[in-house]
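Work through the exercises below with the sequence and the model at hand. Each task is followed by a solution in steps.

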Amino acid sequence: MELSEFEDELTCPVCLMLFTDPRTLPCGNSHNVCLDCARGLWRNQTPSAYGSTIQCPVCRQVCSVSGGVEKLPLNLALRNMTEKLEAAQKGKTSKRPQAKKRHRCDVCEKQPAVMECVTCVVKYCQSCLETCHPKERAVFKAHVVSPIEGVTSRDCEVHEDQPLSFFCTQCGVPVCAHCLLMGAHVEHARVSLNSAVLQQKGTMTETVEALKVKRAVILDYTNKADAAMESMRAQCAEMRSRVDQECSELQLLTKELYRKLVDEIDAQEKEKGAELMGLVEGQRQKLTVWGGMLDRADHIATNEDAAVYLDVATHKLEMQMRGAVAASTATPSLNFTGPQLTLNMAPLRDAVSSMHFTENLVPPPPPGAPPPPPPAAASPAM
């Protein structure tokens with residue numbers, strides 16, 4: 001089995017060329033990319049993730065590269081296989097896939113892509129870039145557009161076997177001599193590739209230093225904000241604990257008050273009940289005696305023997321009933337009132353409902369701010 005049969009497995013998924021310095025991404029499937037391609041993926045991240053993550057071009061998993069893409073592990077086995085394949089192909093016209101395997105324009109899908117909008121995440125050829133993404137339009141002015149590939153020693157995508165030795169300043173892409181003489185960049189302003197590299201390197205260095213200063217300011221601010229957040233959370237946790245303790249004690253006091261009030265009601269009920277029972281007891285005895293008299297009288301009235309009315313017992317019963325009728329029927333006064341208790345929970349209810357924090361109800365003014373004006377005096381009554 002020849003190495004050429006594994007050429008697809010030895011091709012970078014980004015540049016579609018044989019691996020150069022292959023690095024393994026920390027995604028779940030351990031996909032590989034060229035180091036230069038990893039740098040390009042790293043540069044094309046969104047500003048919020050810039051410098052800390054990279055997206056795998058195969059499985060699209062976002063991987064952490066906090067140490068930089070240069071710290072990604074080198075795949076020695078893959079590099080050795082690639083070098084052996086290149087050695088086996090030595091003498092051929094090209095050791096890399098043909099230009100048709102390079103990045104194509106995402107719009108027309110025909111011409112090779114020369115620029116990519118990092119904001120839109122779309123690759124454009126020169127014609128589609130000018131037509132679909134004109135930088136003069138206000139909506140595209142804030143978009144970041146960069147060349148598809150950095151300056152490398154690779155050949156021109158349009159003219160086979162022609163090295164990229166110039167830089168078109170009008171289009172912002174590396175070009176070969178044929179592009180300037182007979183291609184799409186005729187009469188465009190150009191500089192040597194080395195000059196463009198030096199100029200871009202100087203600009204990049206200045207930008208990096210300026211960004212470091214800006215980043216240090218924001219980092220200091222976020223660190224202070226994080227510290228303030230932690231302090232605030234600790235204070236709130238302490239205050240929450242105090243509130244729990246105070247409310248628990250208040251609940252205990254409320255339960256004790258409830259028991260005290262109920263015991264007082266029970267005592268009043270017992271006392272007033274005994275007083276009322278004493279008043280009624282004598283009357284209940286009268287009801288019992290008089291009821292017995294009436295029962296015996298009813299029995300005599302229903303007796304068929306009329307002589308029963310002449311009996312001594314009957315005469316005695318009549319005398320007792322006459323005495324009962326003549327007796328006073330005055331009863332004790334029932335001007336009786338219930339428990340002499342008045343429950344007034346309003347002050348306690350008001351005190352509980354008005355419980356609040358007595359400090360920092362109003363945020364303090366910022367340092368250096370003038371004190372708030374005193375309240376306006378009330379106008380005199382007419």
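**Exercise 1. Two loop residues**

Locate serine 30 and arginine 60 and describe their backbone and exposure.

Solution. The model is predicted, and what follows is computed from it.
- Step 1: Serine 30 sits in the loop that links strand 1 (22-24) and strand 2 (32-34).
- Step 2: The phi of serine 30 is positive, about 55 degrees, although the residue is not a glycine.
- Step 3: The relative accessible area of serine 30 is 41%, so serine 30 is partly exposed.
- Step 4: Arginine 60 belongs to the loop between strand 3 (53-55) and strand 4 (62-64).
- Step 5: Arginine 60, also not a glycine, has a positive phi near 65 degrees.
- Step 6: With exposed meaning over 50%, arginine 60 counts as exposed because its relative accessibility is 53%.

**Exercise 2. Glutamate 9 and threonine 82**

Decide for glutamate 9 and for threonine 82 whether the residue is buried or exposed, and list the contacts of each beyond four places in sequence.

Solution.
- Step 1: Glutamate 9 lies in the segment before strand 1.
- Step 2: A relative accessible area of 51% makes glutamate 9 exposed.
- Step 3: Beyond its neighbours within four places in sequence, glutamate 9 contacts Phe19 and Leu78.
- Step 4: Glutamate 9 and leucine 78 are 69 residues apart along the chain, and their C-alpha atoms are 9.2 Å apart.
- Step 5: Threonine 82 is part of helix 2 (residues 76-88).
- Step 6: Buried means under 20%; threonine 82 has 2% relative accessibility and therefore counts as buried.
- Step 7: With neighbours within four places in sequence set aside, threonine 82 is in contact with Leu10, Leu18 and Phe19.

**Exercise 3. The sheet that contains strand 5**

Give the strand order of the open sheet that contains strand 5, and say which strands stand at its edges.

Solution.
- Step 1: The sheet has three strands in the order 6-5-7, and the pairing is antiparallel.
- Step 2: Strand 6 (122-124) and strand 7 (145-147) each have a single partner strand, so one side of each has no neighbour in the sheet; these two are the edges.
- Step 3: On average, neighbouring strands of this sheet are turned by 30 degrees against each other, direction ignored.
- Step 4: Strand 5 (residues 115-117) is joined to strand 6 by three bridges, and the two run antiparallel.
- Step 5: One residue pair can be named here: cysteine 117 has valine 122 of strand 6 as its bridge partner.

**Exercise 4. The sheet that contains strand 8**

Repeat the analysis for the open sheet with strand 8, then place helix 5 against it.

Solution.
- Step 1: Three strands with antiparallel pairing form this open sheet, in the order 9-8-10.
- Step 2: Strand 9 (173-175) and strand 10 (190-192) are the edge strands, each pairing on one side only.
- Step 3: From one strand to the next, the twist averages 35 degrees.
- Step 4: Three bridges connect strand 8 (residues 166-168) with strand 9, and these strands run antiparallel.
- Step 5: Phenylalanine 167 has proline 174 in strand 9 as its bridge partner.
- Step 6: Helix 5 lies across strand 8, strand 9 and strand 10, at about 90 degrees to strand 10.

**Exercise 5. Cysteines**

How many disulfides does the whole structure contain?

Solution.
- Step 1: A disulfide is a covalent bond between the sulfur atoms of two cysteines.
- Step 2: The search of the whole structure returns zero disulfides.
- Step 3: For cysteine 132, which is in no disulfide, the nearest cysteine sulfur is that of cysteine 128, 5.2 Å away. The cut-off is 2.5 Å.
- Step 4: Cysteine 132 is partly exposed because its relative accessibility is 35%.
- Step 5: Cysteine 247, at 37% relative accessibility, also counts as partly exposed.

**Exercise 6. Helix 6**

Check the span of helix 6 and sort its residues into buried and exposed.

Solution.
- Step 1: Helix 6 (residues 312-326) has 15 residues; at 1.5 Å a residue it should span 21 Å, and its end C-alpha atoms are 21 Å apart, which agrees.
- Step 2: Thr314, Leu317 and Ala324 are the buried residues of helix 6.
- Step 3: These buried residues cover an arc of only 80 degrees around the axis, so they lie on the same side of helix 6.
- Step 4: Val312, Lys316, Arg322 and Ala326 are exposed on the other side of helix 6.
- Step 5: Helix 5 (193-301) is included in what covers the buried residues of helix 6.

Notes. Residues numbered from 1 in each chain as written. Predicted model: local features only at pLDDT ≥ 70, side-chain atom pairs only at ≥ 80, totals over all residues. Heavy atoms only, no water. Pairing = 2+ DSSP bridges. Helix = DSSP H or I, 4+ residues; strand = E, 2+ residues; numbered from the N terminus. Axes fitted to C-alpha atoms, helices over the stretch in contact; angles between N-to-C directions. Buried < 20%, exposed > 50% of the residue type's maximum accessible area, 1.4 Å probe, protein only. Expected span 1.5 Å × (residues − 1). Arc of directions from axis to C-beta. Contact = heavy atoms within 4.5 Å.
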